[in-house]
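Reader: Hey, could you walk me through this one? I'm new to reading structures, so plain words please.

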Amino acid sequence: IYNWICANITYDDEKLVALDEDPFQLNSGAVAAFSERSGICFDIASLYAAMCRAVHVPVRLITGEAVGAGGWVSHAWNEVYDAENHRWVPVDATFGLAGKNYFDSDTFHLDHRNPEIQGQWPEDMP
């Protein structure tokens, strides 16, 4: 799923600008990202969560901050559950679009902070 998103979805810089102007006029989320093959971090993280849910991979949608062009900015990413090691693995497909490996990166915590779980599927996971 991570590799597919990184290879088939692009980051929409224009949408990011439009978000500041009038966020209520934008299509957002998993369906928009899939059909338009582009989106901002929330769209990409929503698509990742939806695709994981479709194949029964435990997943979380996370919001927090990440290092962007202007320093720390609002951001969204995911976590998937590694049942073998009993831990949640951080995944950032948005950062992966740039060709970096942000699937369980050892340096993830250096440019992501203040994570808050916005949704978890299934809900009864640890």
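**Strands, pairs and one lone charge**

Author: Sure, let's start with one pair in the sheet: the bridge partner of Val59 is Trp121, which sits in β6. Keep in mind that this is a predicted model.

Reader: OK, so how many bridges join β3 to β6, and which way do they run?

Author: There are 7 bridges between β3 and β6, and the two strands run antiparallel.

Reader: What's the strand order in the whole sheet?

Author: It's an open sheet of 4 strands, ordered β5-β4-β3-β6, with antiparallel pairing. The edge strands are β5 (87-91) and β6, each of which pairs on one side only. From one strand to the next, the twist averages 30°.

Reader: And what holds strands together in general?

Author: Strands of a sheet pair through backbone hydrogen bonds, and they can do so parallel or antiparallel.

Reader: Back to the middle, then. How many bridges do β3 and β4 have?

Author: β3 and β4 are paired in the antiparallel sense over 10 bridges. They form a hairpin, with 2 residues between them. If you want to find the pairing on screen, look for Thr63, which stands opposite Ala76 in β4. Another one to look for is Ala66, whose bridge partner in β4 is Val73.

Reader: Which strands does α4 touch?

Author: α4 packs on the sheet and touches β3, β4, β5 and β6. The direction of α4 makes about 5° with that of β4.

Reader: Switching topic: how many salt bridges are there?

Author: The structure holds 4 salt bridges. One of them is between Lys15 and Asp43, with the closest N and O atoms 2.7 Å apart. Lys15 lies in helix α2 (residues 13-21) and Asp43 in helix α4 (residues 41-54), so this pair ties together parts that are 28 residues apart in sequence.

Reader: Are those two buried or exposed?

Author: Lys15 counts as buried because its relative accessibility is 7%, and the cut-off for buried is under 20%. Asp43 has 0% relative accessibility, so Asp43 counts as buried as well.

Reader: What does Arg60 pair with?

Author: Arg60 forms a salt bridge with Glu79, and their closest N and O atoms are 2.9 Å apart. Arg60 is in strand β3 (residues 59-68) and Glu79 in strand β4 (residues 71-82), so the pair links parts 19 residues apart in sequence. Both Arg60 and Glu79 are buried.

Reader: And Arg113, where's its partner?

Author: Arg113 meets Glu65 in a salt bridge, at 2.7 Å from N to O. Arg113 lies in strand β6 (residues 112-121) and Glu65 in strand β3, so they tie together parts that are 48 residues apart in sequence. With 34% relative accessibility, Arg113 counts as partly exposed. Glu65 is partly exposed too, with a relative accessible area of 23%.

Reader: What about Asp12, where is that?

Author: Asp12 is in the loop between β1 (10-11) and α2. Asp12 is buried yet has no salt bridge.

Reader: Huh. How far away is the nearest side chain of opposite charge?

Author: That's Lys15, 6.0 Å away. A salt bridge needs the nitrogen within 4 Å of the carboxyl oxygen, so 6.0 Å doesn't qualify.

Reader: Then what does the side chain of Asp12 reach?

Author: The side chain of Asp12 reaches the backbone nitrogen of Glu14 at 3.2 Å, and the backbone nitrogen of Lys15 at 2.9 Å. Leaving aside neighbours within four places in sequence, Asp12 is in contact with Ser38, Gly39 and Ile40.

Conventions
Residues are numbered from 1 along each chain as its sequence is written. This is a predicted model: local features need pLDDT of at least 70, side-chain atom pairs count only at pLDDT 80 or more; totals for chains, interfaces and linings use all residues. Side-chain values use heavy atoms; hydrogens and water are left out. Buried means under 20% relative accessible area, exposed over 50%, partly exposed in between (1.4 Å probe, protein chains only). Two strands pair if DSSP finds at least two bridges between them. Axes are lines fitted to C-alpha atoms, for helices over the stretch in contact, and angles run from 0 to 180 degrees between N-to-C directions. Contact means heavy atoms within 4.5 Å. Lys and Arg count as positive and Asp and Glu as negative; His and the chain ends are not counted. A polar contact is a pair of N or O atoms within 3.5 Å; within protein, one must be able to donate a hydrogen and the other to accept it, and residues adjacent in sequence count only if both atoms are side-chain atoms.
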